[in-house]
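User: I would like a close look at one residue and the charged pairs around it. Please go through its place, its burial and its partners in one connected answer.

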Amino acid sequence: TGTVAVLKVSHHGASSASGAAFLARTRPRFAVLSVGARNRFGHPAPAVLERLAAAGATVRRTDESGAVWLEWSDSGVVERDWRRGGFPGRGARAAAAAAVVHPPRRR
């Protein structure tokens, strides 16, 4: 049992993805779902989102943000907002303004 920094949720968050026992064992800090907006399958399943919330995971979805950009550093997980210019080549000020640092959880 431990804490996983980032979990890439399987199968776009279909109802069979990321069971409660698995989440209890891994305790993800972030859960990333790659899912198309208004997809015909209804992904992610509401039950999966409920399980992730119950596990304490911060959920990020591509259908809501367009892209999910997370980096690992000594300070923890750095979340970058690409819409605010938080990508290389845009300068340090833009990158810093678009970054949120999430310190690691204590075990």
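Analyst: The following describes R61 and the salt bridges of this predicted model.

R61 is located in strand β3, which covers residues 58–61. Its relative accessible area is 16%, so R61 is classed as buried, the limit being under 20%. Apart from neighbours within four places in sequence, R61 has contacts with L33, V35, P44, L49, G66 and V68.

The salt bridges number three. In one of them, the side chains of R61 and D63 pair with an N to O distance of 2.7 Å. These two side chains are also joined by a polar contact of 2.7 Å. D63 is partly exposed, at 23% relative accessibility. Another salt bridge runs between the side chains of R61 and E64, at 3.5 Å from N to O. E64 has 57% relative accessibility and is exposed. Through shared partners, the salt bridges of R61, D63 and E64 form one network. Within this network, then, R61 is buried, D63 is partly exposed and E64 is exposed.

R60 and E79 form a salt bridge as well, with 2.3 Å between the closest N and O atoms. This pair connects distant parts of the chain: R60 belongs to strand β3 and E79 to strand β5 (residues 76–80), with their positions 19 residues apart in the numbering. E79 is buried, at 15% relative accessibility, whereas R60 has a relative accessible area of 27% and is partly exposed.

Technical notes: Residues numbered from 1 in each chain as written. Predicted model: local features only at pLDDT ≥ 70, side-chain atom pairs only at ≥ 80, totals over all residues. Heavy atoms only, no water. Helix = DSSP H or I, 4+ residues; strand = E, 2+ residues; numbered from the N terminus. Buried < 20%, exposed > 50% of the residue type's maximum accessible area, 1.4 Å probe, protein only. Polar contact = N/O pair within 3.5 Å; in protein donor to acceptor, adjacent residues only side chain to side chain. Contact = heavy atoms within 4.5 Å. Salt bridge = Lys/Arg side-chain N within 4 Å of Asp/Glu carboxyl O.
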